Amino acid sequence: MKLLTFFLLLLACPMLNAQTHIRDIYAAAPDSIFPLLTKNNRLDQIDFRENNMQAIVKNRFDDHSELLVLNDKYLRLRLSERCIVEMRLLPDSTFCMVQTYNAPAPDSHIRFFNSTWQQLPRTMEKPAVENFLSEDIDTDIRLALQALPLIKASLSENDDSITFELQTAELTREQRQKAEGKTHPVVQEL
């Protein structure tokens, strides 16, 4: 009877079953999240990283994917030459995932999941272009950046913050020179 009560208690307390390391969440990812990598690829990357080796594996497209950073709460993965994935475990056992695509300028997509990879309805809006610009930026440059706002998001390796950066790669060389020093990153808490 005591054993049955223990198991019922265990099932009733989902926090006891919650994964507390981002490595475990990454290892348990469904193939639909990382279609380029097999589960064995991900496990190999974790093993390599934990043994202070380069965590590079050959993915399903015969290209290379590398696990760049892995600690208890944060992971950074170069999935392909054009895609970086970051994951940050949050205090409530959910996590934020940022996928940044370089085509050619970086632009990011942000999603939140629980520890069993169920996507959450939680969202995080990217800041408006105005939040990145100095007041004295040229009007034509301001309009050009508002017309095609490419915003790169980066999770912090050390805390629960996210940094947004407005990309200027789509501007002409002359416009980029005029914009230099007149844009700044925006940091928010997750």
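**Helix α4 and the six-stranded sheet**

Strands β2 and β3 pair with each other in the antiparallel sense, over four bridges. I begin there, and I should say at once that the model before you is predicted. Within this region, Leu-70 stands opposite Leu-75 of β3. Helix α4 packs on the sheet, where it touches β1, β2 and β3. The direction of α4 makes about 45 degrees with that of β2.

Let me now turn to the sheet as a whole. It is open and consists of six strands, in the order β1-β2-β3-β4-β5-β6, with antiparallel pairing. The edges are held by β1 and β6, the latter at residues 106-113; each has a single partner strand, so one side of each is left without a neighbour in the sheet. From one strand to the next, the twist averages 20 degrees.

I return to the helix. Does the length of α4, at residues 39-50, agree with or depart from what its 12 residues should span? At 1.5 Å a residue, the expected span is 16 Å, and the end C-alpha atoms lie 17 Å apart, which agrees.

Which residues of α4 are buried? They are Asn-41, Arg-42, Gln-45 and Ile-46. These four cover an arc of only 135 degrees around the axis, which puts them on the same side of α4. Their cover includes helix α3, at residues 22-27, together with the strands β1 (55-58), β2 (64-70) and β3 (74-80).

One backbone detail concludes my remarks: just after α4, Asn-52 takes a positive phi of about 55 degrees.

Definitions and conventions. Residues are numbered from 1 along each chain as its sequence is written. This is a predicted model: local features need pLDDT of at least 70, side-chain atom pairs count only at pLDDT 80 or more; totals for chains, interfaces and linings use all residues. Side-chain values use heavy atoms; hydrogens and water are left out. Helices (H or I, at least four residues) and strands (E, at least two) are DSSP runs, numbered from the N terminus. The expected span of a helix is 1.5 Å times one less than its number of residues. Buried means under 20% relative accessible area, exposed over 50%, partly exposed in between (1.4 Å probe, protein chains only). The arc is that of the directions from the helix axis to the C-beta atoms. Contact means heavy atoms within 4.5 Å. Two strands pair if DSSP finds at least two bridges between them. Axes are lines fitted to C-alpha atoms, for helices over the stretch in contact, and angles run from 0 to 180 degrees between N-to-C directions.
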